[in-house]
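Biologist: Please walk me through this one, I've just opened it.
Modeller: Sure, let's have it on screen.

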Amino acid sequence: MSVEQEERAIRCLVAKVGLDGHDRGAHVIARAFRDAGFEVVYSGLHRAPEDIVQAAVQEDVDVLGISILSGAHNTLVPKVIDGLKEYDAFEDTLVLVGGIIPDDDEAELKQLGVAEVFGPGTPMEETIEFIRNNVSERA
Amino acid sequence: MDGSAATALSDADADLVEELLSGSHRALARVITRIENRSTGHRGIVSRLHEHTGGADVIGITGSPGAGKSTLVDKLAAAYRDRGDTVGVVAVDPSSPYTGGAVLGDRIRMGSNVGDMDVFFRSMSARGQLGGLSMATADAVKALDAFGKDVVIVETVGAGQNEIDIVRTADTVAVLVQPGSGDDIQTLKAGILEIGDVFVVNKADMDGAERTLAELEEMVHRRESPTAGLDTGHHGFDAPTHPDDESDGGGVDDADGSGEGDDASDAEWTPDVTRTVANTGEGVEDLIATFDAHARHLRESGEIEETKRLRYAEEIRTLVRADVGTLASGEIERHGGIDALAEAVRRRETDPYTVAAEVVAPIEACVERAERDGNETE
């Protein structure tokens with residue numbers, strides 16, 4: 001139906017957490033996601049983990065992409081994930097981390113529930129493809 | 001079409017509605033997604049929510065891009081929270097007509113309310129065509145209303161005809177203008193002017209603010225004159241229904257019949273022109289006071305009922321038109337598809353009127369049969 005026609009779009013939150021002012025990468029990603037047909041909400045800089053959780057829950061995003069270049073990922077990412085769980089939003093949100101993450105930490109983040117970690121130089125298409133393939137099917 | 005089937009609720013959806021009503025943010029967010037996607041079952045959800053709505057003051061904020069809508073909405077939300085109200089915000093941003101993608105940037109401005117879950121902020125992309133956008137926005141407002149928000153703010157894209165549609169979902173409409181935008185005011189005259197209950201000169205610390213204020217004042221007062229009663233916004237519908245309105249009777253229809261409009265006549269709302277500096281929050285308290293005054297005016301004059309009736313009438317029409325349109329689309333397919341029909345017309349084998357009559361004939365037949373059956377059973 002014209003009003004009824006399903007118009008499913010993949011919604012993403014591109015988030016910058018903590019004391020990290022480097023947002024060029026986040027901007028580039030946001031734009032690439034938009035051009036891929038996603039609806040992108042950008043958090044803005046210097047957000048606390050609970051701000052990110054609030055945004056992810058209210059915007060009901062399919063994908064949460066956290067960009068961290070400050071090295072504080074081991075502190076911040078678990079807080080975000082716990083927050084999502086608190087609002088029953090963890091199960092069907094695809095959590096991605098982008099930035100400079102050492103290999104050991106990457107394994108640990110994945111253990112926590114991060115679906116994938118994308119380092120510097122990852123082709124944009126790879127990230128977009130990953131999202132398309134892994135975003136959870138919702139009712 | 002069976003109405004009860006279209007609004008039937010699956011068990012899972014019924015649970016979702018229950019969760020929303022009991023205050024789950026997750027459920028509210030999910031319901032808005034369903035509404036936005038126009039996904040199967042959303043009609044049932046919205047129709048179940050309807051009886052729980054009506055408690056919120058709905059405020060629409062519109063104005064040209066860069067006027068400071070998002071920043072003002074942030075400050076408004078914070079001020080409402082300060083006095084203990086809970087707030088819902090629906091912010092609409094444009095989407096790419098090519099990819100459908102969008103960057104929804106309004107949230108970045110919500111600096112005063114981050115971490116406050118009692119401000120429920122939701123970005124929506126202007127995905128829609130065919131009026132789908134305004135429908136989805138109106139339904140999202142209902143979800144926030146049913147959730148129990150005291151105030152719901154709708155922030156529009158910032159340009160074009162869509163504004164008027166979206167803003168129709170609001171009880172009180174504020175139009176934002178920035179100083180020195182003489183040309184903007186020229187363009188405002190065309191459509192946006194009629195829908196404003198409050199005009200706000202934002203960035204009032206900038207040069208030219210006084211002049212813009214004066215220009216708006218002048219426009220507002222010109223609009224009050226009886227000859228200006230040709231507008232088409234929701235106030236345009238209201239104005240002629242006042243019994244002692246000076247336009248002579250052409251538009252008087254006593255639909256409400258209760259005469260509640262009588263005591264409204266002496267309290268015609270004159271749009272307010274106010275000034276704010278959204279960055280610093282200056283003037284926000286006054287603006288809220290104006291919103292309150294307008295809400296009070298709507299209630300005391302009984303205008304709110306008229307406004308709501310008109311809104312629901314428009315909603316019913318939109319839905320019916322869409323549903324009938326779907327039936328018609330199906331018939332077009334059955335007649336060989338629109339391309340084949342158009343080609344036949346191009347080759348002069350038939351003409352558009354004949355085609356339309358043929359396509360509609362089966363629907364007409366059904367309606368006639370239904371009428372006959374209805375008459376027999378009476």
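**Strands across the chains**

Biologist: Which residue in E3(B) is the bridge partner of A:Val40?
Modeller: That's B:Val103. Keep in mind that this is a predicted model.

Biologist: OK, and how many bridges are there between E2(A) and E3(B), and in which sense do they pair, parallel or antiparallel?
Modeller: Three bridges, and the pairing is parallel. E3 of chain B covers residues 102-104.

Biologist: Zooming out, how many residues does each chain bring to the contact?
Modeller: Chain A gives 35 residues and chain B gives 37.

Biologist: Which elements of chain A supply at least two residues each on that side?
Modeller: Helix H1 (24-35), strand E2 (39-42) and helix H2 (49-59).

Biologist: And which one has the largest share?
Modeller: H2(A), with seven residues.

Biologist: What's the make-up by class on the chain A side?
Modeller: There are 16 nonpolar residues, 13 charged ones and six polar ones where chain A touches chain B.

Biologist: Let's move inside chain A. Which strands does E1(A) pair with?
Modeller: E1(A) runs parallel to E2(A), with four bridges joining them. E1(A) also pairs with E3(A), residues 63-68, again in the parallel sense, over five bridges.

Biologist: Where does A:Val14 sit in those pairings?
Modeller: In E2(A), the bridge partner of A:Val14 is A:Tyr42. In E3(A), A:Val14 stands opposite A:Gly65.

Biologist: Is the crossover from E1(A) to E2(A) right-handed or left-handed?
Modeller: Right-handed. The chain goes from E1(A) through H1(A) to E2(A), a β-α-β crossover.

Biologist: How many of the residues of E1(A) are buried?
Modeller: Six of its six, with the strand spanning residues 11-16.

Biologist: Which residues are on which side?
Modeller: A:Arg11, A:Leu13 and A:Ala15 are on one side, and A:Cys12, A:Val14 and A:Lys16 are on the other. Both faces are covered, charged A:Arg11 and A:Lys16 included.

Biologist: Why do the odd and even positions split like that?
Modeller: Because side chains in a regular strand alternate between the two faces of the sheet.

Biologist: Switching to chain B, how many helices and strands are there?
Modeller: Chain B has 15 helices and eight strands.

Biologist: What percentage of chain B is buried?
Modeller: Of its 378 residues, 40% are buried.

Biologist: And what about contacts in chain B between residues at least 24 apart?
Modeller: Taking contacts between residues at least 6 apart in sequence, 73% join residues at least 24 apart.

Definitions and conventions:
Residues are numbered from 1 along each chain as its sequence is written. Chains are lettered from A and ligands numbered from 1 in the order in which they are written. This is a predicted model: local features need pLDDT of at least 70, side-chain atom pairs count only at pLDDT 80 or more; totals for chains, interfaces and linings use all residues. Two residues are in contact if their C-beta atoms, placed from the backbone, lie within 7 Å. Two strands pair if DSSP finds at least two bridges between them. A residue is buried if 20 or more other C-beta atoms lie within 10 Å of its own, exposed if 12 or fewer, and partly exposed in between; C-beta atoms are placed from the backbone. A crossover is right-handed if, with the strands pointing away from the viewer, the path from the first strand over the helix to the second runs clockwise.
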